[in-house]
Amino acid sequence: MHPPQRSILHPLCQPLPRSFSSTTQLPARSSRSALKHAHRDIPVYPHGPSLLYKQSNFGLYGNVKPQYGNNVSERNEIKTRRKWEPNIHDKRLWSVALQKYIQVRVQARVLRTIDKVGGLDEYLLGDSPARIKELGMEGWKLRWRLMQDRGVKEKLRRRRVELGLPPQGLEMFLSDTELLNEEQGMVDKARKEVEITPGEMTGEEPDDHQRDVFDEEVERMTQEDRAEMQRRPGTLGVE
C-alpha cells in the first residue's frame with residue numbers, strides 16, 4: 001500500500017501563525033466579586049443582594065423579577081410554559097447634586113416613579129422603608145454617593161432640624177475633618193469659659209498637677225456641652 005499523499009495548499013490558504021502578545025488575558029469577573037468590588041467603600045445594604053435575579057443588583061429594578069406562566073390555546077387548551085421578562089431600559093439620568101448624567105439600567109415602573117417624585121436625587125434619597133428596599137444594591141450605592149455631597153448633607157441636616165430630631169446620627173454624613181473641627185470648637189468654647197488659667201493661679205509657670213486639673217475641667221465642660229446639645233435638637237449650627 002502506498003502512503004497517503006499530503007495535500008499541498010496554496011500559500012495564501014496556509015493558516016497564519018499566532019502573533020506574539022505580552023498582554024495577559026484577564027478572567028471575567030463574576031457577579032459576586034464585581035458586587036463586592038463596587039461596594040467595598042460603602043455601608044452594608046440592609047436587605048442584601050438578590051440571589052435569585054442577580055442582574056437586578058446592577059440597576060434600578062424596583063424588586064421586579066421574571067414572571068412565569070402558561071400559553072393556553074383556545075382550541076385544545078394545551079398549556080405551554082412561558083416567561084415574562086421585566087421591562088428594562090438603559091437610560092442616562094441627570095443628577096442635580098453630582099451635576100452629571102448617570103448611566104443606569106432602570107425598570108419602566110421605576111422610571112415613572114422618578115418622574116413623579118421630581119428627579120433621580122429625590123428618588124434615591126427617599127427615606128421610607130419601602131423605598132430603601134426598592135433601591136436594591138445599585139440604588140444603595142448611588143444613594144451613598146449622593147450623601148457625600150456637601151449640599152445633600154446640609155439638606156439632610158435641615159430636615160432633621162425641621163422634624164425636631166436630635167443631632168445624633170449625623171456622623172455618617174460628616175467627614176473626618178468636619179468632625180474634628182466640631183470637636184475642636186467645643187474644646188475652645190470650654191477653655192474660654194474657664195475664668196482662671198493655670199498660669200493665673202500662682203503667677204508662675206504651672207506644674208503638671210495644675211495642668212491636669214485644668215484639662216479635667218475643660219473635659220468636664222466639653223461633656224456637659226455635648227449632653228446639652230443632644231437634649232436640644234435645634235442646636236445644629238444651621239442658620
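Here are a few short exercises with worked solutions on a predicted model.

**Exercise 1. Positive phi in the first loop**

Find where N63 sits, and work out whether N63 is buried, partly exposed or exposed.

*Solution.*
- Start with the backbone: phi of N63 is near 65°, which is a positive value in a residue other than glycine.
- Next, place it. N63 belongs to the loop that runs between α1 (31-38) and β1 (67-72).
- Now the surface. The relative accessibility of N63 is 43%. Partly exposed covers the range between under 20% (buried) and over 50% (exposed), so N63 counts as partly exposed.

**Exercise 2. Another positive phi**

Do the job again for E77: which loop holds E77, and is E77 buried or exposed?

*Solution.*
- E77 is not a glycine, yet its phi is positive, at about 55°.
- You'll find E77 in the loop between β1 and β2 (79-84).
- The relative accessible area of E77 is 63%. The cut-off for exposed is over 50%, so E77 is exposed.

**Exercise 3. Salt bridges**

How many salt bridges turn up in a search of the whole structure? Take E85, R105 and E138 one by one, and say which residue each pairs with.

*Solution.*
- The count first: the search finds 6 salt bridges. As background, side chains of opposite charge can pair when their charged atoms come close.
- E85 meets K83 through their side chains, at 3.1 Å from N to O. E85 is partly exposed at 49% relative accessible area, and K83 is partly exposed too, at 39%.
- R105 pairs with D90, with an N to O distance of 3.5 Å. This pair links distant parts of the chain: R105 is in strand β4 (residues 100-107) and D90 in strand β3 (residues 88-95), 15 residues apart. With a relative accessible area of 32%, R105 is partly exposed.
- E138 bridges to K141, and their closest N and O atoms are 3.5 Å apart.

**Exercise 4. A pair inside a helix**

Stay with E138 and K141. Which helix holds both, and are they buried or exposed?

*Solution.*
- Both residues lie in helix α4 (residues 129-147).
- Their spacing is 3 residues, about one turn of the helix.
- For burial, the cut-off is under 20% relative accessible area. E138 has 12%, so E138 is buried. K141 has 19%, so K141 is buried as well.

Key. Residues numbered from 1 in each chain as written. Predicted model: local features only at pLDDT ≥ 70, side-chain atom pairs only at ≥ 80, totals over all residues. Heavy atoms only, no water. Helix = DSSP H or I, 4+ residues; strand = E, 2+ residues; numbered from the N terminus. Buried < 20%, exposed > 50% of the residue type's maximum accessible area, 1.4 Å probe, protein only. Salt bridge = Lys/Arg side-chain N within 4 Å of Asp/Glu carboxyl O.
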